[in-house]
Amino acid sequence: MNSFNNGNLRRRLLSPVPPFRRRHTAVFTPKPHPIVASSQTVYPITEYEDDRVLFAILESCKQPQHFRTAVSVHCKIIKHGYETYSSLLSTLLKVYAACKNPKLAHQLLDDVSLFNLDVVPANLLIDSLMKAGETDIAKKVFSALPARDVVTWNSIIGGCVKSGYFLEAIGIFKEMLGTKIEPDGFTFASVITACSRLGALNHGKFVHDLMIEKKIELNFILSSALVDMYSRCGRIETAKSVFNAAKKHDISIWNAMINGLAMHGLAVDAISIFSTMQSENISPDAVTFIGIITACSHCGFVEKGREYFNLMKNNYLVQPQLAHYGAMVDLFARAGLLEEAYAVVKEMPREPDVVIWRTLLSACRTHRNSQLGEFVIDKIKNLGSGDYVLMSNIYCNINKWGNAETMRHNMNKKGVRKSIGKSWVELHGGVHHFKAGDRSHPETEAIYGLLENLIRRSRMDGYAPAPELVLMDISEEEKEENLNYHSEKLALAFGIFKSSPGTEIAISKNLRTCLDCHGWIKIVSRLLHRVITVRDRIRFHRFEKGSCSCGDYW
C-alpha cells in the first residue's frame, strides 16, 4: 500500500486529529536528525495524529531517506502515549533496522515495554529483524517477550543459524527444551544445520536421538539435514544409513548424499548414487551436478567430470552457473592442467567471480606457476588477505624473496590482515579452539608437552618436517619450530590428551590443511592406532593406519 498516494490519508495528515486518550512522560525522545530531508522524502506530520495514521506513515518509511520522518513519528508515539501499541512499536523497530540505525532501535527497546506485544506480531518482528541482519535487536526483542510459542523459538533459532550464530542457536535450543514448548520439525531442521556447520557431532547425535524419542517424522527436509550433518561431522557411514532408510522422492536428499560423498573424496560412491538416481527417474538439478563434478575433482577423475558437465548441458538442459564453471576450473587446476582450467575461464559466457580466480590462483601456488599467478592477481579487483598470501607464497616457492616481500609490504600498506588459521575439536560437550602457537588454553603446558613428545616419536618413525612450507626467508631451525605448533597439531594433541586410547578424534579447520600436518597426522594415526578425521576448508581427511582417505590428492 502506498499510503501517501491515498487522498483520504493525505487529508487526514493535513487535518487536526483529536489526541489519543492519555499522555505518558517520555523517558527517551530521539533528537532530530541533523540532515534535513527534502520535501519529497519527508511526509507532513500534524500536531495530533491517531495511531492508524502514524502506522501508515511508518509503513512507508522503509528507506534510509525517510529516516527523519521515522524519528518524528517516534516522537509522536511517545508524546501521545502510543508506546503500548504493539503494531506501532514493531513497525518502528523494523523501520530503524531497514534504515540501518540499530542504536535507536536498542534505545526504543530500553525505554518501552513489550509486555503487550502479541505473539504473532512479535514473531513477524523477530523474523523481519533477522532478515534485515539485526540479530542483536531480534535477540533483545525475544528476551523481552512475556510469552512465546514454537514459532517464536523457531524464528530466533532459525535466524541465528542463517546469520552464522551456530553456537547461539544450539544454546537457545537447549533453553527451549527447559520450557513447556515442544520443538517441531522446523526447530530440529535449524538445529541440525547448526550442528552441521560447526562439525559438532555430539550435539548432532543428541538432537537426532531427541527426534527419535519425540517421534518426529522424517520428511525430506529433516532427512537431508541429517545426511548433511553426519557427512560434515565425519560420519559418512551413518549418513549413508540415514539416506538408505529415507524416502527419496525429493531431489534434495540425493543432493545431500552426493555432496556428502564428494567432501569425503568418495567419487566412486557418488557416481554410484548418481546412477541409481537416474535409474529411479529422479532428474538431477543444478546442485546435483555441482556435487558430482566436485566429487570427481577431489579424486582426479578429470574425464568423468568433463563427461558430467557435458551431460548436464546436453541431456538435462541445465544451464551452467558460476558454481559449475568454478567446479570445472577446480577439476582441471587440481590435476595440474592449468591451461585447460584457464580455457574454461576464457570460454565462460559471463565474468568470472572472485572465487573462480582464487581457485586458479591457489592452483598456481600448488603447481608453482608464477606467470599465470601474476596474471590472475591482476584480475582480482579487491585483493583479500588470502590473495596476497597466495601470491607471496608462489614467489617464496621459487625463492623470489624480494617479490614475496613486496606482496607482503603491499598487503600491510593497504591494511589487509591475514586470515588466522584456526582448528577446533569437540570433546565432552565443549568446543575447544586453537590458533597456531596458541598458549591461551588453560591446559597449555600439558598440550605442548604431549605434542613435543609426539613429534619426537613420529620423527623416529619417519616423519621429516617440510621447512619449505614455512614461506619466510629464515633459518631451517626456525622454520621447523614454526611448523611444530600449527593449529591442527595443537587440536590433535588436546584431543589425544583428553580422550581414551583408541577413541576416534575429529578436528575441524577453517583453512586448507598443510602438507606437513597432513604427513605428520598420518604417522600419528599409525603410532597410536587411532582414527583421526580432519575437516578442512576443502574436504574431509580420514587418517587411519598411516594413510589418508584422500590418497594424498587434495
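## A buried glutamate, a six-stranded sheet and two cores

Let's start with Glu-488, which is buried, with a relative accessible area of 0%. This is a predicted model, and everything below should be read that way. Glu-488 sits in helix α26, which covers residues 487–498. Once its neighbours within four places in sequence are set aside, Glu-488 is in contact with Ser-423, Ile-507, Lys-509, Thr-513, Cys-514 and Cys-517. Two of those names, Ser-423 and Lys-509, come up again in the sheet, where Ser-423 stands opposite Lys-509 in β3.

**The wider picture**

The protein has 554 residues, and buried ones make up 50% of them. It contains 27 helices and six strands. Take the contacts with a separation of 6 or more: residues 24 or more positions apart account for 66% of them.

**The sheet**

How are the six strands ordered in the open sheet? The order is β2-β1-β3-β4-β5-β6, and the pairing is mixed. At the edges stand β2 (430–435) and β6 (547–548); each has a single partner strand, so one side of each is left without a neighbour in the sheet. As background, strands of a sheet pair through backbone hydrogen bonds, either parallel or antiparallel. Here is how three of the pairs look:

| Pair | Sense | Bridges |
|---|---|---|
| β1 and β3 | antiparallel | three |
| β3 and β4 | parallel | four |
| β5 and β6 | antiparallel | two |

Strand β3 turns up in two of these rows, with β1 as one partner and β4 as another. Four of the five residues of β3 are buried, so this strand is largely enclosed by the rest of the structure. Facing β4, Ala-506 stands opposite Thr-533, and Ser-508 stands opposite Arg-535.

What about the two faces of β4 (residues 532–535), covered or open? Both are covered: Ile-532 and Val-534 are buried on one side, and Thr-533 and Arg-535 are buried on the other. So Thr-533 and Arg-535, the β4 residues just named as standing opposite β3, count as buried too, because buried means under 20% relative accessible area and both are listed that way. Further along, strand β5 spans residues 540–544, and Phe-543 stands opposite Cys-548 in β6.

**Two nonpolar cores**

In general, nonpolar side chains tend to be buried together in soluble globular proteins. In this model, the largest nonpolar core has 123 residues, and Ile-192 and Ile-292 touch the most other members. Which helix gives the most to this core? That would be α14 (residues 251–263), with eight residues. Apart from the largest core lies another one, of 29 residues, including Phe-434, Ile-523, Ile-532 and Val-534. Ile-532 and Val-534 are the pair found on one side of β4, so that face of the strand belongs with the 29-residue core because both residues are among its members.

Back to Ile-292 for a moment. Leaving out neighbours within four places in sequence, Ile-292 is in contact with Ile-258, Ala-270, Ile-271, Phe-274 and Tyr-308.

**A pocket by the sheet strands**

The second largest pocket has a volume of about 340 Å³. Its lining counts 23 residues, and the closest to the centre are Asn-202, Glu-426, Leu-427, Glu-504 and Ala-506. Which elements give two or more residues to this lining? They are α11 (201–213), β1 (422–427) and β3 (505–509). By class, the lining has twelve nonpolar, seven polar and four charged residues. Ala-506, one of the residues closest to the pocket centre, is also the one that stands opposite Thr-533 in β4.

**Two more buried spots**

Leu-58 is found in helix α2 (residues 51–59). Leu-58 is buried, with a relative accessible area of 0%. Not counting residues up to four places away in sequence, Leu-58 touches Ala-70, Val-73, Ile-77, Leu-88, Thr-91, Leu-92 and Val-95. Leu-58 and Leu-93 are 35 residues apart in sequence, and their C-alpha atoms are 9.9 Å apart in space.

Then there's Ser-370, in helix α21 (residues 370–379). Is Ser-370 buried or exposed? Ser-370 is buried, with a relative accessible area of 15%, because the cut-off for buried is under 20%. Beyond four places in sequence, Ser-370 is in contact with Met-391, Ile-394, Ile-398 and Lys-400.

Note on methods: Residues are numbered from 1 along each chain as its sequence is written. This is a predicted model: local features need pLDDT of at least 70, side-chain atom pairs count only at pLDDT 80 or more; totals for chains, interfaces and linings use all residues. Side-chain values use heavy atoms; hydrogens and water are left out. A nonpolar core is a set of buried Ala, Val, Leu, Ile, Met, Phe, Trp, Tyr and Cys residues joined through side-chain atoms within 4.5 Å. Buried means under 20% relative accessible area, exposed over 50%, partly exposed in between (1.4 Å probe, protein chains only). Contact means heavy atoms within 4.5 Å. On a 1 Å grid over the protein atoms alone, a cavity is a set of points where a 1.4 Å probe fits but cannot get out, and a pocket is an open set with protein on both sides within 12 Å along at least five of seven lines; lining residues have an atom within 4 Å of a point. Grid points are joined across faces, edges and corners, and a volume is the space filled by probe spheres set on the points. Ala, Val, Leu, Ile, Met, Phe, Trp, Tyr, Cys and Pro count as nonpolar, Asp, Glu, Lys and Arg as charged, and the others, Gly among them, as polar. Two strands pair if DSSP finds at least two bridges between them.
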